[in-house]
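Got your viewer open and a selection box ready? Load the model below and follow along, one selection at a time.

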Amino acid sequence: MGIFLRIAAYLFHPLFMPMLGAFVYYMVTRRFFEPEVIQTKLVALLIVTVCIPVVCFYLLRNLGWISSMSLETVRERKAPLMIQCVLLLLVLKMVYNPYDTPELYFFFVGVLFATLAAFILAVLEFKASLHMMGVAGVTFFVFGLSVHFSTNMLSALGLLFFINGWVASSRLYTRSHTVPELLAGAFLGVMPQLILLGYWL
């Protein structure tokens with residue numbers, strides 16, 4: 001059981017959540033995109049939101065700023081979150097725009113605001129759960145896509161709600177977070193998506 005719970009922290013790492021949101025969008029959208037365009041966008045997203053942060057993590061670890069990718073202390077979170085904010089701005093500037101893909105554009109605006117809020121909380125010495133922020137944000141985005149495209153996505157939403165519980169249980173089992181920190185992370189993930197929903201729904 002312990003192994004099962006620990007797996008969730010790796011499978012649903014916050015770095016993977018933007019990619020998951022984009023992948024689900026391309027699966028359910030009724031807009032036509034050339035396959036080459038989709039591939040180019042996803043590769044660019046993979047580089048900016050996953051590969052570059054991983055390289056930065058190793059650099060920060062070699063500099064002694066962080067001890068591991070789990071960012072166990074509040075102090076270790078500040079630099080990675082600030083870097084992630086810059087990279088998300090790059091995504092909004094270079095990868096997606098509000099005209100061609102407003103759903104994904106505002107999804108990433110929401111991710112940016114959530115990351116910025118997590119950074120502010122880290123400055124205030126509060127460690128909100130980034131794992132919960134990621135999965136909760138994607139869950140609400142998928143709910144919005146289901147309404148927007150009038151698509152029955154109950155199975156996907158049911159799976160995502162299970163994943164939310166799995167991730168929360170994992171973080172509690174490993175004592176990485178307290179219940180208030182998990183709730184704060186879920187709140188940070190959902191609220192920006194909820195506020196921005198009206199701009200693309």
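This tour goes through the nonpolar cores, then the cavities, then a histidine in a loop.

Before you click anything, keep in mind that this is a predicted model.

**Stop 1: the main core.** Select Phe12, Tyr25, Tyr96, Leu104, Phe108 and Leu145. These belong to the largest nonpolar core, which has 49 residues, and they are the ones that touch the most other members. To see where the core comes from, colour by helix: H1 (2-11), H2 (17-28), H3 (35-62), H4 (74-94), H5 (102-123), H6 (130-148), H7 (154-173) and H8 (179-196) each give two or more residues to it. Which helix gives the largest share? That's H5, with 8 residues.

**Stop 2: Leu104.** Stay on H5 and pick Leu104, which sits in that helix. Is Leu104 buried or exposed? Its relative accessible area is 0%, and under 20% counts as buried, so Leu104 is buried. Now show what surrounds Leu104: leaving out neighbours within four places in sequence, its contacts are Gly21, Ala22, Tyr25, Tyr26, Tyr96 and Phe141. Try a distance label between the C-alpha atoms of Leu104 and Tyr26; you should get 9.6 Å, for two residues that are 78 apart along the chain.

**Stop 3: Tyr96.** Hop over to Tyr96, one of the contacts of Leu104. Again skipping neighbours within four places in sequence, Tyr96 is in contact with Ala22, Tyr26, Lys41, Leu45, Val91, Thr101, Leu104, Tyr105 and Phe108. There's also a second, separate core of 10 residues; to find it, select Val74, Leu81, Ala122 and Leu188, which are among its members.

**Stop 4: the cavities.** How many cavities of 30 Å³ or more does a search of the whole structure find? There are 2, and the largest holds about 450 Å³ of space. To centre your view on that one, select Pro14, Leu15, Gln84, Leu130 and Met133, which lie nearest its centre out of 33 lining residues. Helices H2, H3, H4, H5, H6 and H8 each put at least two residues into this lining. Colour the lining by class and you'll count 20 nonpolar, 11 polar and 2 charged residues.

**Stop 5: His177.** Last pick: His177, in the loop between H7 and H8. With a relative accessible area of 6%, His177 is buried. Show the side chains of His177 and Glu181 and you'll find a polar contact of 3.1 Å joining them. Not counting residues up to four places away in sequence, His177 also touches Arg77, Lys127, Ala128, Ser129, Arg171, Leu172 and Leu182.

Note on methods
Residues are numbered from 1 along each chain as its sequence is written. This is a predicted model: local features need pLDDT of at least 70, side-chain atom pairs count only at pLDDT 80 or more; totals for chains, interfaces and linings use all residues. Side-chain values use heavy atoms; hydrogens and water are left out. A nonpolar core is a set of buried Ala, Val, Leu, Ile, Met, Phe, Trp, Tyr and Cys residues joined through side-chain atoms within 4.5 Å. Buried means under 20% relative accessible area, exposed over 50%, partly exposed in between (1.4 Å probe, protein chains only). Helices (H or I, at least four residues) and strands (E, at least two) are DSSP runs, numbered from the N terminus. Contact means heavy atoms within 4.5 Å. On a 1 Å grid over the protein atoms alone, a cavity is a set of points where a 1.4 Å probe fits but cannot get out, and a pocket is an open set with protein on both sides within 12 Å along at least five of seven lines; lining residues have an atom within 4 Å of a point. Grid points are joined across faces, edges and corners, and a volume is the space filled by probe spheres set on the points. Ala, Val, Leu, Ile, Met, Phe, Trp, Tyr, Cys and Pro count as nonpolar, Asp, Glu, Lys and Arg as charged, and the others, Gly among them, as polar. A polar contact is a pair of N or O atoms within 3.5 Å; within protein, one must be able to donate a hydrogen and the other to accept it, and residues adjacent in sequence count only if both atoms are side-chain atoms.
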